[in-house]
Amino acid sequence: MADLRVPPVESSVEQPVRAGVPGSPALPGRPLAGRRPRAAALHAAVLRIDAMTPVGRDRAVDVLRSLATLGVVLGHWMVSAVVLQAGGHLVGDSPLGHMPGFTPVSWILQPLAVFFFVGGRVGSHSYGSARASGTPYGTWLAQRLRRLLRPTIALALTWGLVLAGLATAGMAPETVHTLMWLSFSPLWFLAVYAALIALTPLVQRWGIRIAVLAGLVVAATDGARFAFGDAGWAESARDLNILAGWLVPYCLGTAWVSGAFTRRRSAIAMCVGGAAATAALILWGGYPASMVGVPGAELSNLSPPTLAAVTFGLAQCGGALLLCRPLRRLVGQPAADKPPSVHRTAPRATPRQFLWAAVALLNLSTITVFLWHQTAMLATTVVSLALGQRYFGLHTSPDSPLWVVARLAWTPVFAAVLFLLWWSFREWDMNTRRKVRR
C-alpha cells in the first residue's frame, strides 16, 4: 500500500488512514529536515496526518473502531490468565471464574458488536463504491479477503513452527494445548468477519429485515437449548448463532451507512431497549451475567453468541451512535466548508490532532494488532518462565483483587511486546495493501 493518500470518506477495517507509517513514502507538504528536533518533527508529522484526512471522512467511525480494538485487546489481557500448575505445565484460567464481582468488566471490555457494527458500515460503503466504479463483486471480495488472509498466514505459520518446536522439545501436552488455544483464538473472529463481508450485497439490500431474521434464529436456537437441554441436535443448532448473532450488528451497520439512525431518538431507543432486554434475560431468562466465557460455566454468552449477547450488542450499537457527536469534537472533525490545509511553517499540533493521529495509526494495523495481542501476552508469560522466573499476576491463579492490580501493571509490558510483534510483521499487512491498490 504505497499510496499514502487517505481513502475517500470511509475506510474499511483493513483500509484506514494511511499516513506517517515507517517505511512509507512521505506525505505531500513541507519535508522534514534531517536534523530537525524530534519534537518539531513529531508535530509536523501529526499535522500532515490531520491535513491529509479528507474533510468528508467521519472520524468518529475510526475512533469507534479504535476503541473496539483496544477493548478487545485489554479485555483479553485482563480476563485470560495462564497459570503454572504444580506439575510444571500451563493451563488457562480467568478471574471471572473466581471473582463474580469482576463480571461488570466484561460489559466494558467486550465490544465485538461495535466492531461488527462499524464493519457493516464500512463494508457497505466499500461495496457501494466498488459498484459505482464498475468493479465486479468477485474482484471486490477477493481484494477484501486478501487483506485478512496475509496477516493470518503470518500468525499461523509462526505459531505452527513454535508449537511444533515445543512439542518436539518435550513440552507438556497441556501447555502446548493452552498455547495453541489462546494464540489461535483470534482467528474465529476473522472467519466470521470474512463470511459477513461475502454477504454484504445481500445485507445491503435487505439490511434490517435480515437483522430481524438473524435475531429470531438466535432466539429459536437458544429456546431449543433451554427446552431440550444437552440434546445433540439442540447444541448443534446453536452453532448457527456464530454467524447469526454477529449478523445483527453488521446489518445495522449497513443500514447506518444508508441513512438510518439519523435521529438521536433511534440511538437512545436502541441503547435503552437493548440494555433493558439484556437485564431481563439475565435476571429472569437464565442467561449468565458475564458477556464473555467463564471457565466451568454451563453456558457462555459468547461461544456461540446468545440472545443476551445480541441484545447487549444492540445496546452497544446505540451507545456507539450516541458517542459519535462527542467523538467528532474530541478528534477535531473539520467543518465541511473548511478544507484542511498543509502548514508551510512549523506550528504546534493541538491535542485533538495528536489524538486523531494516534487513532489513524492504530487503524492502519487493526488486524495485525488483533491477531498478535494474545501472542504478546503468551510470549511474556513463556519467556519469563523459561528464564526461571515466576511472577504474580503472570503465572499465578487469578483468584484475588491483587491479581487484577498486578495484571494491570503487566499490561505495559504486553503492549511493548505487541509493538515489537507489530514492527516485525507489519509488512505482511502493508504488502497486501500495496498489491490491492496496484
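# A guided tour from the largest pocket outward

The largest pocket holds about 1,000 Å³ of space. Of the 38 residues that line this pocket, those closest to its centre are His76, Trp181, Gly293, Leu302 and Ser303, and these five make a suitable selection to begin with. The model under examination is a predicted one.

**The lining of the pocket**

Next, colour the elements that each give two or more residues to the lining: helix 2 (59-79), strand 2 (90-93), helix 3 (104-108), helix 6 (173-184), helix 10 (241-257) and helix 14 (366-386). Which element gives the largest share of the lining? Helix 2 does, with five residues. Colouring the lining by class separates 21 nonpolar, 15 polar and two charged residues.

**The fold as a whole**

Now display the whole protein as a cartoon. The protein has 15 helices and two strands. Among its 438 residues, 50% count as buried. Among contacts with a separation of 6 or more, 77% are made by residues 24 or more positions apart.

**From the pocket to a cis peptide bond**

Return to Ser303, one of the residues closest to the centre of the largest pocket. The peptide bond that leads from Ser303 to Pro304 is cis, and its omega is near -5°. Most peptide bonds, by contrast, are trans. Pro304 itself is found in the loop between helix 11 (264-284) and helix 12 (307-330).

**The nonpolar cores**

Select Leu64, Phe116, Phe117, Trp246, Trp256, Phe261 and Trp372. These are the residues with the most contacts inside the largest nonpolar core, which has 95 residues. Keep Leu64 in view: beyond its neighbours within four places in sequence, Leu64 is in contact with Val114, Val118, Trp256, Ala320, Cys324 and Leu327. Another core, of six residues, lies apart from the largest one and includes Leu281, Tyr287, Met291 and Leu299.

Phe261 deserves a separate selection for its backbone. Phe261 lies in the loop between helix 10 and helix 11. The phi of Phe261 is near 65°, a positive value in a residue other than glycine. Most residues other than glycine have a negative phi.

**Two cysteines**

Cys324, already met as a contact of Leu64, can be selected together with Cys251. Cys324 is buried because its relative accessible area of 4% is under 20%. Cys251 is likewise buried, with a relative accessible area of 0%. How many disulfides does the model contain? The count comes to zero.

**Helix 11 and the loop after strand 2**

Move to Thr278, which is found in helix 11. Thr278 is buried, with a relative accessible area of 6%. Leaving out residues up to four places away in sequence, Thr278 touches Met291, Ala308, Thr311 and Phe312. Met291 also belongs to the core of six residues.

Then select Leu96, in the loop between strand 2 and helix 3. Is Leu96 buried or exposed? Leu96 is buried, at a relative accessible area of 6%. Residues up to four places away in sequence aside, Leu96 touches Val79, Phe102, Thr103, Ser290, Val292, Gly293 and Val294. Gly293 leads back to the pocket, as one of the residues closest to its centre. A distance drawn between the C-alpha atoms of Leu96 and Val294 gives 6.0 Å, although the two are 198 residues apart in sequence.

**Three further pairs**

Three more C-alpha distances complete the tour.

- Arg121 lies in helix 4 (residues 112-132) and is buried, with a relative accessible area of 10%. The C-alpha atoms of Arg121 and Val61 are separated by 8.9 Å, with their positions 60 residues apart along the chain.
- Gly160 is in helix 5 (residues 137-168). Gly160 is partly exposed, with a relative accessible area of 33%. Between Gly160 and Phe184, 24 residues apart in sequence, the C-alpha to C-alpha distance is 10.0 Å.
- Ala358 belongs to helix 13 (residues 351-364). Ala358 is partly exposed because its relative accessible area of 44% falls between 20% and 50%. Ala358 and Ile49 are 309 residues apart in sequence and 9.7 Å apart in space, C-alpha to C-alpha.

Note on methods: Residues are numbered from 1 along each chain as its sequence is written. This is a predicted model: local features need pLDDT of at least 70, side-chain atom pairs count only at pLDDT 80 or more; totals for chains, interfaces and linings use all residues. Side-chain values use heavy atoms; hydrogens and water are left out. On a 1 Å grid over the protein atoms alone, a cavity is a set of points where a 1.4 Å probe fits but cannot get out, and a pocket is an open set with protein on both sides within 12 Å along at least five of seven lines; lining residues have an atom within 4 Å of a point. Grid points are joined across faces, edges and corners, and a volume is the space filled by probe spheres set on the points. Helices (H or I, at least four residues) and strands (E, at least two) are DSSP runs, numbered from the N terminus. Ala, Val, Leu, Ile, Met, Phe, Trp, Tyr, Cys and Pro count as nonpolar, Asp, Glu, Lys and Arg as charged, and the others, Gly among them, as polar. A disulfide is a pair of cysteine sulfur atoms within 2.5 Å. Buried means under 20% relative accessible area, exposed over 50%, partly exposed in between (1.4 Å probe, protein chains only). A nonpolar core is a set of buried Ala, Val, Leu, Ile, Met, Phe, Trp, Tyr and Cys residues joined through side-chain atoms within 4.5 Å. Contact means heavy atoms within 4.5 Å.
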